[in-house]
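Trainee: Please take one helix-to-helix contact in this model and look at it closely. Then follow the chain outward from there, as far as the connections hold.

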Amino acid sequence: MLRHVHATRYVTPLREGGSLPGLVEGDDDGLYVVKFRAAGQGVKALIAEIVVGELARTLGLAVPEIVLVEIPAELGRTEPDPEINELVTASAGLNVGLDFLPGALDYTPAQAGLIAPELASAIVWLDALTTNVDRSARNPNLLLWHGAPWLIDHGAALYHQHAAIDLPARARDPFVLIAQHVLLPRASELAMVDGDLAAMITPARVEAILALIPPSFLAASGRPGVAEYGDYLLTRAAAPRPFLATAVDAREHDGA
Ligand SMILES: Nc1ncnc2c1ncn2[C@@H]1O[C@H](COP(=O)(O)OP(=O)(O)OP(=O)(O)O)[C@@H](O)[C@H]1O
Ligand SMILES: [Mg+2]
């Protein structure tokens, strides 16, 4: 179960975020970066935050705690910006929050030396598995906190869920956009980490992660069953993994 938190105060928007995430205080006195259900990509982006964030954690990668944030209808009322007021008000009910990492810095490609090749390879592997288009040099969605990279912003991953077709039908599609991954040049150990990482994506683990998605998100997404997400992920994680060859090829073409 993801922890439930009740929002008590809307603190400030995080303007750099395309989806206008907001910093929100919870009734546990914690601060959370909230991804609002009424934002651009809708509830499917929240599903991707949960599924890909928890898959990353399963692989041993650092991800802020993910919680469900209950937004009361009146929370946005005191916010003077009408766009934000409307977004928060339209998101009354359950939303996704990430534990706010105070003092974390946005990662830049100049800091690649801080990330060991094995770790960079594991992050690339996760993003290739989950078709995450949002870890480019322009928009790395990595925070440096206490000297280590933390993964955020997985709302754009699993992008096949936005198409009308069944997810499992796309499970073997190559993911050529991995060529734009900010850590690809550093990911020299893809073949080495592949087997260990794939072994962690077990049916039981995937089932447990999918069970974290609130039923109301699934109902609103137009993809009411979690079974197709499970099929999709387990097929991708099963050998042979075409996404791995695509990532290795992309590195070679880049002269890495
Ligand atoms: N858990 C966190 N702790 C600290 N800062 C965070 C956290 N999550 C997000 N941020 C900050 O807020 C910014 C926007 O968050 P995020 O990338 O999740 O939103 P987004 O709207 O999906 O972004 P974009 O579309 O610009 O990639 C991040 O770039 C980062 O600077
Ligand atoms: Mg982002």
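Mentor: Start with the residues that touch: on the α3 side these are E118, S121, A122, V124 and W125, and on the α4 side L190, M192, V193, D194, L197 and A198. By class, the contact of α3 with α4 holds eight nonpolar residues, one polar and two charged. The polar residue is S121, and the charged ones are E118 and D194. Bear in mind throughout that this is a predicted model.

As for geometry, α3 covers residues 117-129 and α4 covers residues 190-200; their axes come within 9 Å and cross at roughly 60 degrees. The pair therefore counts as oblique, because an angle of 60 degrees is neither under 35 degrees nor in the range from 65 to 115 degrees. The crossing of α3 past α4 is right-handed.

The two helices also serve as markers for the metal site. The magnesium ion (ligand 2) has N141, through OD1, and D153, through OD, as its protein donors, at 2.1 Å. N141 sits in the loop between α3 and β7 (142-145), D153 in the loop between β8 (148-151) and α4, and the two donors are twelve residues apart in the chain. N141 has a relative accessible area of 10% and is therefore buried. D153, at 19%, is also buried, because the cut-off for that label is under 20%.

Between the two donors, along the chain, comes another loop to look at. H146 lies in the loop that joins β7 to β8. H146 is not a glycine, yet its phi is positive, near 50 degrees. With a relative accessible area of 72%, H146 counts as exposed, whereas the donor N141 is buried.

A second helix pair can be set beside the α3 and α4 contact. The axes of α1 (residues 43-58) and α5 (residues 203-210) come within 9 Å and cross at roughly 140 degrees. This pair is oblique too, because 140 degrees is not over 145 degrees, where roughly antiparallel begins, and lies outside the range from 65 to 115 degrees. The crossing of α1 and α5 is right-handed. From α1 the contact takes I50, V51, E54, L55 and T58, and from α5 it takes R205, I209 and L210. Five of these residues of the α1 and α5 contact are nonpolar, one is polar and two are charged. T58 is the polar residue, and E54 and R205 are the charged ones.

Helix α1 also contains K44. With a relative accessibility of 15%, K44 is classed as buried. Apart from residues up to four places away in sequence, K44 touches Q161, H162, S221 and R223. K44 and Y159 are 115 residues apart along the chain, but their C-alpha atoms are separated by 9.1 Å.

E54, from the α1 and α5 contact, gives a distance to strand β1. T8 lies in that strand, which covers residues 3-13. From T8 to E54 there are 46 residues in sequence and 26 Å in space, C-alpha to C-alpha. T8 is partly exposed, at 44% relative accessibility. Sequence neighbours up to four places away aside, T8 touches E25, G26, D27 and L75.

One of those partners, E25, belongs to strand β2. E25 is partly exposed at 22% relative accessibility, because buried requires a value under 20%. Its contacts, leaving out neighbours within four places in sequence, are H6, A7, T8, R9, V11, G30 and L31. After β2 (22-26) and before β3 (31-35) comes the loop that holds D29. D29, not a glycine, has a positive phi near 70 degrees. At 69% relative accessibility, D29 is exposed.

E25 also gives a long span: its C-alpha atom is 41 Å from that of A238, 213 residues along the chain. In that later stretch, the peptide bond between A239 and P240 is cis, with omega about -10 degrees. P240 is placed in the loop between α7 (227-237) and α8 (242-253).

Technical notes. Residues numbered from 1 in each chain as written. Chains lettered and ligands numbered in written order. Predicted model: local features only at pLDDT ≥ 70, side-chain atom pairs only at ≥ 80, totals over all residues. Heavy atoms only, no water. Axes fitted to C-alpha atoms, helices over the stretch in contact; angles between N-to-C directions. Helix = DSSP H or I, 4+ residues; strand = E, 2+ residues; numbered from the N terminus. Left-handed = near helix turned anticlockwise from the far one by under 90°. Contact = heavy atoms within 4.5 Å. Donors = N, O, S within 2.8 Å, 3.2 Å for Na, K, Ca; no water. Buried < 20%, exposed > 50% of the residue type's maximum accessible area, 1.4 Å probe, protein only.
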